[in-house]
Structures are given as C-alpha cells and as structure tokens.
Amino acid sequence: MKIYTGPIRGAGRRFIGRMCVWMVAVFAAMMASGCSEKEDFTVSGRIEGLVSGQVTMYYYAQGGMKSVLGMAVDGKFKLHGQSASPTLVTLITSPSQPPYYVVASNGESIEIEGKTENPLSWTVKGNKPSKALADFVRDNAEAIEAGNYSSINSAVARYVTSHKSDIGAAAILVTRFHVPGYEMLADSLLRLLNIDARPTAVMQNFGSILGRQVSSEAHSDLSTLSVYAGPDSLVRMTPSRQSYALVAFTSETRVGRDSIQKRISLLCDSLPVRRFRAFEISLAPDSASWRAVVNSDSVAWPQAWVPGGVAAPQIARFSVPRLPYFIVCDSTGHQLYRGSSITAATEEVERRLGVKF
C-alpha cells in the first residue's frame, strides 16, 4: 500500500478547506453550548438570627434522593445541586426551625431571606415556583402555625384550582396539603394539575403514596414488625401483646418532638404495658442522625431506626405520607387511627380505654 505524500491540488485542497471550516464551526458551537448551560443550581440564603451551623439540602434527581451538607456562617450559606429538570428542594437550617422549600433546576440561582424569630415570613428570589411557595406560606402563616389543616387545605385547593398549569401549585400541594382525612380532595387536586405542571422530581411520589392512602392495602391489619434498635438489638412490635399500640414514625429533626413525647409519656406512665405500648420508629436518613436525637431522650418506650425511609420494605406497606406520622391499632392489628396528629392518636387510645389524661 502506497501513501501519497505529494502536494494537494484542485478539488482535494477545496475539500480540506471546507472540512476545516466545518470543524471550526462545530468546535465553536460546542464551546458556546458549554458556556451557556450551567451544570448545577445554587440555593443561597441569609437567615437573620441563624448564627453558624450545619445546613442540609435534600432533593430528588437522577432516580434517587440527594443530600448536600453545608455550613452557615453568620446566617449566610450557599449550596450547589444538580438536576436537569425542576426538582423540589428541602432546606433544613436548624432542628428548631421548619424547613424551607424551593423549586430549582440546573442554571438557576435561588436566594432565600428569612428570620429565625419569624420562620414563616421568608422570601425567595430566583424563579416563579419558589416565589409562589414562599408567598403561600406568608399568606397562610397563621393557619400553618396553628396547625389548622382544614383552613390550610382550603387555601391549597383554591390556589391549585386557579393555577393548574403552574409548577408552583404542584409544589404547594406536595408540601402544604394535609392528606389524612382529605385523601379524596388531594386526589382531585392532583388530577386538576396539567401534566407539565407536575414533574416527577417535584411531586416526589406524592401521587403513588396518595394512591396507596386511598387503597384498602394502606388500611390493612398490622402484623409483627421487627426493626433495628442498635448493635445486635431489635425492637419487635406484636399487636397481640397489648390491648392497644401506638406506632410513631419520626424524622431526625426535633421540631415538635417535645409535644410528641409529652403526649405519649402520659399514656405510658399511666397504663400497664398489657393495655398500651408505644413504639417509635425513626426514618432518619442515617443511624448517626437518629442517634444524635435519641441519645438526649429518656423515654419509656422502645425506639428503633429503619434505613431507607418510607420506601424501606418493612415500612412501605404502611404508606407513610409524611413525618411525623402515627398509627394506632388494637390487639388484632386492626388500624383505628392513621394521621399526623399525636393529639388525635393519643385521644383515640384514651377513648378506647375509657380514660382521660
């Protein structure tokens, strides 16, 4: 085989010239594309009253839940995430403060401003869905702070009905609607939203969890449950061993924990274990987070942790829609109460046993 090494003339020279021009154009286009598209999003904040400490950001992307840790210095922080499509971002700035919610995707910069003394008055700049979330919280701060679920759900329903094509409406439905007792309304509002207004990463399985909530499986009888309680230790909940049991599913935050412990302690301290027992199951993202919370507790009921959160095989059948969440059952495992109210859960036990504490 001979390789031609002589001069290039005529058509050959014109062909190579055109190829060079084409390659330069392609390279320039690639460079322009790379410069114009950011590969991440940022969430920054300035929270008055938040001194220094860890800030955690959770969001759903690439088929799984992501977490990003950062530090606040003098109330300021900045975190980076990656999501090609809009995703719902949960930001935990302090165990004693409610979370912040925004919607973000690659190329966006979201800025949060707030005050620890008035955590529901935060504002957001960056995109319309995030601003809608913050505006809704401020406009309904009184009902949210009071836990007036009826009023909150009515406000969510009004917003979704008038913003069917907005991603912000989907985010408000997911983060602010109180589903237990309002499952059918939640299902109706979900169906009102346009398909484009409810990206998977924003809905975060809201539809599938709701579907299980309205199904008969979610209300089926409880059977024996065994979960991790420490090295070489298990907690086993068997319905037949007591007249009534309360299973509390909790997170790693301490928000509302004092009131939960107070209500459960009233029952545990006043009733024998053959009549009532409580079981606390943490769905914290890791055992270290769980330990950080329970090590400061001194409670009379078993505490355990399940890796994998609400999707864990042992927990998925309970269809836990949010945290905290409580289930009361009798000795046959029949569910008597499901919901997010510890007051309603303990009052159900008191009513069944004919006592009042």
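**Exercise 1. Contacts across the chain**

Task: Find what share of the contacts with a separation of 6 or more comes from residues 24 or more positions apart.

Solution.
- Step 1. Take the contacts in the protein chain with a separation of 6 or more.
- Step 2. Pick out those between residues 24 or more positions apart; they account for 59%.
- Step 3. Keep in mind that this is a predicted model.
- Step 4. Add the setting. The protein chain has 12 helices and 15 strands. Of its 357 residues, 46% count as buried.

**Exercise 2. Check a helix length**

Task: Compare the expected span of helix α9 with the distance between its end C-alpha atoms. Then state which of its residues are buried and what they pack against.

Solution.
- Step 1. Helix α9 covers residues 257–270, which is 14 residues.
- Step 2. The rule is 1.5 Å times one less than the number of residues. For α9 this gives 20 Å.
- Step 3. The end C-alpha atoms of α9 are 20 Å apart, so the two values agree.
- Step 4. Now look at burial. In α9, the buried residues are Arg257, Ile260, Gln261, Arg263, Ile264, Leu267 and Cys268.
- Step 5. Find their partners. The buried residues of α9 pack against four strands and two helices by name: β11 (244–250), β12 (276–282), β13 (303–305) and β14 (325–330), together with α10 and α12 (342–353).

**Exercise 3. Map the nonpolar cores**

Task: Describe the largest nonpolar core and name the helix that gives the most to it.

Solution.
- Step 1. Recall the background. In soluble globular proteins, nonpolar side chains tend to be buried together.
- Step 2. Count the residues. The largest nonpolar core has 55.
- Step 3. Find the residues with the most contacts inside this core. They are Met57, Leu91, Ile112, Val156, Leu173 and Phe206.
- Step 4. Helix α5 (residues 167–176) gives the most to this core, with 7 residues.
- Step 5. Another core lies apart from it, with 21 residues. Among them are Leu283, Val306, Ala312 and Phe318.
- Step 6. Go back to Phe206. Beyond its neighbours within four places in sequence, Phe206 is in contact with Leu173, Val174, Val179, Ala186 and Leu190.

**Exercise 4. Two alanines**

Task: Decide whether alanine 186 and alanine 169 are buried or exposed, and list their contacts.

Solution.
- Step 1. Place alanine 186. It sits in helix α6 (residues 183–192).
- Step 2. Apply the cut-off: buried means under 20% relative accessible area. Alanine 186 has 0%, so it is buried.
- Step 3. List its contacts, leaving aside neighbours within four places in sequence. Alanine 186 is in contact with Phe177, Val179, Phe206 and Leu210.
- Step 4. Check a distance. Alanine 186 and asparagine 153 are 33 residues apart in sequence, yet 8.8 Å apart in space, C-alpha to C-alpha.
- Step 5. Repeat for alanine 169, which lies in helix α5. Its relative accessibility is 0%, so alanine 169 counts as buried.
- Step 6. Not counting residues up to four places away in sequence, alanine 169 touches Tyr159, Val160, His163 and Leu193.
- Step 7. Alanine 169 and alanine 157 are 12 residues apart in sequence and 9.4 Å apart in space, C-alpha to C-alpha.

**Exercise 5. Empty space inside**

Task: How many cavities of 30 Å³ or more does a search of the whole structure find? Describe the lining of each.

Solution.
- Step 1. Recall the method. Rolling a probe the size of a water molecule over the atoms shows where empty space is left.
- Step 2. The search finds 2 cavities.
- Step 3. The largest cavity has a volume of about 40 Å³. Thr250, Arg257, Ile260, Gln261, Ile264, Glu280 and Trp301 line it.
- Step 4. Sort this lining by class: 3 nonpolar, 2 polar and 2 charged residues. Helix α9 gives the most, with 4 residues.
- Step 5. The second largest cavity has a volume of about 30 Å³. Its lining includes Thr250, Ser251, Glu252, Ser289 and Trp290.
- Step 6. The lining of the second largest cavity divides into 3 nonpolar, 4 polar and 3 charged residues. Helix α10 gives the most, with 4 residues.

**Exercise 6. An open pocket**

Task: Describe the second largest pocket by volume and lining.

Solution.
- Step 1. The volume of this pocket is about 470 Å³.
- Step 2. Its lining has 20 residues, and Gln54, Thr56, Tyr58, Glu252 and Ser289 lie nearest its centre.
- Step 3. The elements giving two or more residues to this lining are β2 (52–61), β3 (64–73) and α10 (287–294).
- Step 4. By class, the lining has 10 nonpolar, 7 polar and 3 charged residues.

Conventions:
Residues numbered from 1 in each chain as written. Predicted model: local features only at pLDDT ≥ 70, side-chain atom pairs only at ≥ 80, totals over all residues. Heavy atoms only, no water. 1 Å grid on protein atoms, 1.4 Å probe; cavity = no way out; pocket = protein on both sides within 12 Å on 5 of 7 lines; lining within 4 Å. Points joined across faces, edges and corners; volume = space filled by probe spheres on them. Nonpolar A, V, L, I, M, F, W, Y, C, P; charged D, E, K, R; others polar. Buried < 20%, exposed > 50% of the residue type's maximum accessible area, 1.4 Å probe, protein only. Contact = heavy atoms within 4.5 Å. Core = buried A, V, L, I, M, F, W, Y, C linked by side-chain atoms within 4.5 Å.
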